[in-house]
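Welcome! Below are a few exercises with worked solutions to help you find your way around. Keep the structure open while you read.

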Amino acid sequence: MSLKAVREQLTEEGRTYAPHEAVLEASRCLMCEDPPCNAGCPAGVDVRRFIRKVRFGNFRGAARLVRDANILVGICGRVCPQEMLCMENCTRAALDGPVDIAGLQRFVGDAELADIAPLPEIAERKGRVAVVGAGPGGLAAAAELRRAGVAVDVFDSSDVSGGVLTRGIPPFRLDPAFAEGELRYVERLGAAFHHGEEVGDPVELLDSGFDAVFVSTGLWRPYRIGLEGEELKGVMLAGEFLARVAGGDPADVGRTVVVIGGGNVAMDAASTALRLGAERVYVCSLESRDEMPAFPSEIEVAQREGLEFRTRTRPVRIVGRDGSVSGYEGVGIRWKAPGALVPSNAEDLPGTEFSLAADCVIEAIGQGVHDRFESLELRENGLVRVDEETLATSVEGVFAGGDVVSGGGTAVQAVADGKRAAESILAYIEGIHDDEDDGEKGGERR
Amino acid sequence: MKKSLSVDFCGVRFPNPFVLAAAPPTDSAEMIARGFDAGWGGAVVKTLGLEQVEVNLVSPMMAGLKYEDKNLIGLENIDLISDRDIREVLPEVRDLKNRYPDQVLIVSMMAGTEDEWKEIARRVEDAGADMIECSFSCPHGMPERGMGSAVGQDADLTYERAGWVVEAVDIPVLIKLTPNVTDMRPIAQKVKEAGAAGVTAINTVKALLGFDLDTFAPLPSVWGKSTAGGYSGPAVKPIALRFIADVAKDVEIPVAGVGGVVTWKDAVEFLLAGAGIVQVCTAVMRYGYDIIEELTEGLALYLEDKGLDSLAELVGKGLPNIVSHEDLTREHTVVASVDEDLCIGCGACVIACRDGGHQAIEFRGAGGDAEGLAPENSEGGSGTAVDEASTDRERATLAPPERIPVVDDEKCIGCGFCRTVCPVDGCLTMQKREEAPA
């Protein structure tokens with residue numbers, strides 16, 4: 001496959017509504033009393049109101065309304081699993097199918113792009129906050145804090161903002177250039193960005209003068225299965241595989257690809273492999289179709305695209321020839337006890353062994369937290385422990401949200417966390433600056 | 001067997017009641033022939049003036065009213081009468097009549113003086129037209145010259161001019177009237193007294209379509225300027241029905257109905273209001289002559305469904321039911337009623353009643369009546385049993401129980417506005433209010 005062909009394959013799919021199409025779709029909205037769609041949006045977007053604005057031709061007003069609630073306007077229009085959120089609740093579903101809220105939000109994101117969107121008048125106030133991680137959660141928090149007039153510094157070890165949006169989601173689902181453009185809105189709000197700066201222990205930021213820290217670093221430590229043959233050439237980790245694709249430097253996957261895993265990342269990796277020219281792509285998951293953690297819509301798309309599923313199977317070994325992958329062996333399993341969908345609960349079914357020819361094996365069994373938050377109290381699974389209401393960690397002044405707390409959720413859930421954390425942080429720093437004004441020293445609060 | 005749609009109107013036999021109105025679709029023999037080939041029962045040739053009359057067209061001359069996705073709710077035009085030379089058109093009329101002896105050919109005309117009216121009428125008759133239609137009703141361009149609606153708005157002028165034409169020819173004469181009057185009946189009465197065979201109602205409604213928001217030019221913008229024009233299309237249908245019914249009921253003169261007909265259902269309504277034939281223009285311009293197929297087929301099936309033998313049985317059938325406001329009953333009243341099985345829980349009726357009515361409808365809310373409440377989601381799994389259960393569940397809970405609207409019978413005055421906003425057919429109805437126990 002030529003580079004040009006690959007590039008075309010990876011170009012963002014679907015298209016944004018033309019204005020008249022958007023009005024037509026928006027006019028399907030029943031403009032419900034107490035609209036259930038609104039309740040489905042973790043970021044608190046007033047769906048009914050933005051759709052009404054589209055319906056009556058107020059496109060820029062719609063863009064502003066959505067952006068105020070969720071800086072990921074066009075991004076969430078593309079990547080949100082709306083069928084599980086706002087659209088799941090759409091009253092019109094009972095009539096003739098839900099309103100395409102996703103498509104309308106995508107339209108609205110283009111109706112007034114982030115780089116020309118008007119900025120709110122910001123009344124600067126006391127307070128300096130460090131945000132660690134420029135993914136959806138961190139950026140949402142940064143935006144809220146800047147709007148409230150607090151100084152914000154955003155640190156990210158990567159050289160681009162967006163986290164999983166620009167380095168994990170395949171470009172045919174979300175154009176990384178669009179995502180970066182939309183996210184620059186946070187820079188326009190006045191947040192200072194420190195790309196390529198690895199933050200050690202977030203607590204140290206408190207010592208260097210920040211009033212509070214928001215940690216939203218995501219999950220970037222890939223799990224490995226520990227299979228025989230894992231060292232062979234052609235074995236990849238999904239995260240790295242997708243990051244290379246996003247960076248415009250896709251790996252060669254050969255003709256037959258085996259993806260191990262049943263989550264969204266596995267689906268993305270498999271769909272991407274297909275676009276890179278693989279003729280057969282197998283998805284081998286421990287879970288059955290219904291048990292897979294991937295969104296139903298992603299599984300559906302993957303199936304339509306022709307991915308072949310080997311569900312309720314466990315990897316046995318990767319077979320090699322001359323140091324490169326040549327095949328994959330697995331075996332069917334059943335759960336020893338219901339409920340726990342983990343390898344330790346799987347029991348091989350004798351006689352269900354299978355082997356597949358393969359040029360490439362991609363492991364997509366999940367990611368964990370980088371284990372560098374030594375001073376933060378963690379949960380057993382390594383995720384950061386927070387107060388569910390305030391998202392405060394065990395260390396005063398440090399808050400956390402997004403995947404680093406949830407263990408893997410949607411971008412819009414991370415946005416919701418970022419907004420909630422920002423609220424807590426604002427209350428927190430208001431408290432300490434009040435104390436300062438009362439003549440107390442702020443440095444010993446820890 | 002397919003019902004015959006043929007109908008007699010003013011002594012002329014029409015193969016079906018659908019007639020192309022005087023407008024661009026009837027501006028040449030070639031066009032009319034295509035219309036007849038498609039199945040139209042008749043055509044009114046676009047309005048002719050005498051050869052010495054100057055017709056100065058402007059462009060553009062049309063603009064459509066857009067509403068959400070619908071781009072032609074209404075059409076405004078500032079077109080004029082045909083700019084073709086009557087000496088070219090009349091031979092075409094003769095030729096058309098020879099080629100289509102069964103279809104009815106009506107020629108629309110407009111003139112100024114008595115001599116002119118009589119001359120043009122005789123020439124039309126000589127050309128072999130079955131009927132004449134006199135435009136006393138064009139709302140733009142002509143009134144300034146003492147023609148068009150300037151005539152149709154004045155009962156005496158109408159009487160005089162209608163009389164000239166009736167006197168000049170033997171074929172039936174229709175007078176096309178303008179809706180730009182408060183009451184058409186006195187004018188139609190004069191048409192009747194002048195001896196005309198019938199009236200055509202309505203011509204276009206004088207209107208200003210809109211403005212270009214960037215240039216402030218009214219629409220259709222003729223180099224930045226415009227003028228009020230004639231409005232047609234679905235938007236004017238209710239106005240047309242009212243005028244047709246007024247004339248048919250109180251003047252008792254045959255009416256060729258026109259104004260906003262698109263579907264066979266519209267046509268049935270026109271017949272019920274008293275129209276003997278139905279003219280169509282805007283819908284033909286938009287969808288083409290072929291829509292005659294939907295009109296005739298739909299109407300024939302309707303006759304079949306209703307067990308009617310002829311169209312004549314429908315004409316004016318709705319008129320006895322149109323009474324004055326004071327004659328409407330106060331004995332029975334209605335109250336809004338929600339079919340909980342059909343309701344999808346949108347709450348459009350709640351908003352409508354709260355902000356546009358009498359605050360009589362509210363969601364039942366969480367604490368409400370638990371009847372019809374869905375069973376809790378059962379364990380996942382697959383298989384027929386579960387599928388059936390989920391179907392049952394869906395049936396019971398199209399709307400979440402707390403989102404079922406509840407009508408407060410005391411507050412409901414039965415205005416019926418809620419019914420107009422409900423998106424589900426038959427879900428919100430107005431039911432006869434049970435008499436309060438004595």
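Helices (H or I, at least four residues) and strands (E, at least two) are DSSP runs, numbered from the N terminus. This is a predicted model, in which local features need pLDDT of at least 70 and side-chain atom pairs count only at pLDDT 80 or more, while totals for chains, interfaces and linings use all residues. Residues are numbered from 1 along each chain as its sequence is written, and chains are lettered from A and ligands numbered from 1 in the order in which they are written.

**Exercise 1. Describe chain B as a whole.**

Step 1: count the elements; chain B has 13 helices and 20 strands.
Step 2: look at its extent; the C-alpha trace of chain B spans about 85 × 55 × 55 Å along its principal axes.
Step 3: check burial, where a residue is buried if 20 or more other C-beta atoms, placed from the backbone, lie within 10 Å of its own. Of the 438 residues in chain B, 45% are buried.

**Exercise 2. Trace the barrel in chain B and find the helix on it.**

Step 1: follow the strands, remembering that two strands pair if DSSP finds at least two bridges between them. The eight strands β3-β4-β7-β8-β9-β10-β15-β16 of chain B form a closed barrel with parallel pairing.
Step 2: note the turn; neighbouring strands of this sheet are turned by 25° against each other on average, direction ignored.
Step 3: zoom in on one pair; β10 (residues 198-201) and β15 (residues 255-258) of chain B run parallel and are joined by three bridges. Val199(B) has Val255(B) in β15(B) as its bridge partner.
Step 4: add the helix; α7 (residues 237-250) of chain B packs on the sheet and touches β10, β15 and β16 (275-280) of chain B. Its direction makes about 170° with that of β15(B), on a scale where angles run from 0 to 180 degrees between N-to-C directions of axes fitted to C-alpha atoms.

**Exercise 3. How do helices α4 and α8 of chain A cross, and which residues meet?**

Step 1: take the axes; those of α4 (residues 47-55) and α8 (residues 101-111) of chain A come within 11 Å and cross at roughly 65°.
Step 2: list the residues in contact (C-beta atoms, placed from the backbone, within 7 Å). Val47(A), Phe50(A), Ile51(A) and Val54(A) of α4(A) meet Ile101(A), Leu104(A) and Val108(A) of α8(A).

**Exercise 4. How many residues does each chain bring to the contact between chains A and B?**

Step 1: count both sides; chain A gives 14 residues and chain B gives 14 residues.
Step 2: find the helices; α2 (19-26) and α7 (93-96) of chain A each supply at least two residues of the side of chain A that touches chain B. With three residues, α2(A) gives the most to that side.

Terms used:
Contact = placed C-beta atoms within 7 Å. Buried ≥ 20, exposed ≤ 12 C-beta atoms within 10 Å, placed from the backbone.
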